[in-house]
Amino acid sequence: MESINQIQDAIIEEFSFFGDWLEKYEYIIELGKDLPLIDEQYKTEDYLVRGCQSKVWLHANLEDGKVVFKADSDAVITKGIIALLIRVLSGHSPQEILDADLYFLDKIGLKEHLSPTRANGLVSMLKQMKLYALAFQKQLTGKNE
Amino acid sequence: MSGNLATTGVFDVEAVRKDFPILQREMNGQPLCFLDTAASSQKPLPVLQAMDNYYRQHHANVHRGVYQLSQEATDMFEAARKAVQRFIGAREEHEVIFTRGTTESINLVASSFGSAFLKPGDEVLITWMEHHSNIVPWQLICERTGATLRVVPISDEGELDMDALGQYLQGPVKILALTHVSNTLGTINPIREIVKMAHQYGIPVLVDGAQAVPHSPVNVSELDVDFYAFSGHKMYGPTGIGILFGKTAWLEKMPPYHGGGEMISRVTFEKTTYNELPFKFEAGTPDIAGSVGLHAAIEYLQGIGLNNIAEHENELLKYGTELLREIPGLRLIGNASNKAGLLSFVVEGTHPYDIGTLLDKMGIAVRTGHHCTEPIMDRFGIPGTVRASFGMYTTKAELDRLAAGIKRAVKLLL
Ligand SMILES: Cc1ncc(COP(=O)(O)O)c(C=O)c1O
């Protein structure tokens, strides 16, 4: 399994081939359309991360010491960016997720989507992902406490 | 000022645009296409120059100094009040109270009027098309006083249900608060008629004029409204200053809103007596530079002529409506027969956020979301809309760009 930073670097490499914003967004929209990210059963208030404009649903599991994230959004661009975030963070240990420095969004020119003024739920989603990781981390280390 | 109509006699949008420096900017490599004037308008040079000149030459605190400079600042501040009075046709200068904006104006009335006149069993009437600024202050005061908030419904076209309004007014209503123009639907409410209906029952009316004042002539005496609230920044003036017009009789009966300097006549620890109107409602140092900028904005608006602006924006509305109606799957939200210059819409199978994001990439600034009117979104069962709103500087070419941009975005998204 690649590390979080290896995946980030791979994404940056992929995005470097896009000539303009159009190609970039076409790709993100495709990612958004292609991925059935979450089971309908999790698309409820309980898993809703409130953004002001687009809704985001997030669900996490701990499998063999790794966190598996599933998420979805009603806006397709938001969903495409979620797909990237999941590709980077899902399948890693809680500690790795807690330590992760997400530099790839800045490097591929999508940082604006993580601005709180966008109110698209992505900032809250990232915070929620870290909270899940923290909770799982406690579960894992809880045995020693 | 090339855009000044008073000197040329005809409305020339290209000349007007030259007065707005920000319109020269590029966004994402394209000329800025600014279609979010309903959220806040851009500022013409005379407003910028007036504020700059004020700070360079005349600034001191108002109503306090015996010295010349303070007198100059005070004169400018009070001249702005007089300009507002004439602009909206208020009978008295002291009926014009400076606030931070529409939101503060409404909070002032809700809080002061409410604490004086509301008790359990009373009703406050608002409508389904209100901005959160004209909902939440009333919810707060209703909670505090035990009064009940009632909401007049709207039709599928986005027009106020006048029959329902007539019925609701027969209840124990103490005040009716409604918008002049809806910032989400564009609906222009028949304020004169509504005020007449309410006054038959002795019910005072507060009107949220944030979206009306910049777009067509408003005369508070002719409308016979009891309170009228609006914001400087939506009428080509600076942010941070707003206006509350209130009829003298009501303002005198209402307790102060904020306490502090300026608003008192005498202070002892036992008892403080309050200053006269309008100062009773203007605690602390006001936004003096803002008032100067607002004054310049009013003169600019008068120079162009509000009738000319209304006509220009109406034409844009007609033009834009036709353009957007041609786009497959596009649904306009708000189809009132009397409508102001904005287009709110959703496109089937797409999310407003996605459309807004892609339009931004094409240099087109629109607003997406619920526009601080969540009840309207619930009413129409949509997550939000894309809203393009016009100002005096908006052109048909920009609406062409908008329509082309939407088509392009939809193609990418579907
Ligand atoms: C109809 C309406 N009312 C009230 C407001 C609030 O104005 P402000 O934010 O300037 O107080 C707005 C602006 O967003 C508005 O459009």
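**Exercises on a chain interface and a ligand site**

In this predicted model, Glu112(A) forms a salt bridge (a side-chain nitrogen of Lys or Arg within 4 Å of a carboxyl oxygen of Asp or Glu) with Lys361(B), and their closest N and O atoms are 3.0 Å apart. Residues are numbered from 1 along each chain as its sequence is written, chains are lettered from A and ligands numbered from 1 in the order in which they are written. Local features need pLDDT of at least 70, side-chain atom pairs count only at pLDDT 80 or more, and totals for chains, interfaces and linings use all residues, while side-chain values use heavy atoms, with hydrogens and water left out.

**Exercise 1.** Work out how many residues each chain gives to the contact between chain A and chain B.

*Solution.* Begin with contact, which means heavy atoms within 4.5 Å: chain A gives 18 residues and chain B gives 16 residues. Then count the salt bridges across this interface, where the rule finds 1.

**Exercise 2.** Find which side-chain and backbone atoms lie close to an oxygen atom of the ligand.

*Solution.* Use the polar contact, a pair of N or O atoms within 3.5 Å (within protein, one must be able to donate a hydrogen and the other to accept it, and residues adjacent in sequence count only if both atoms are side-chain atoms). In the side chain of Thr103(B), an N or O atom is 2.5 Å from a ligand oxygen. For His131(B), a polar side-chain atom lies at 3.1 Å from a ligand oxygen, and for Thr102(B) a backbone N or O atom lies at 3.4 Å from one.
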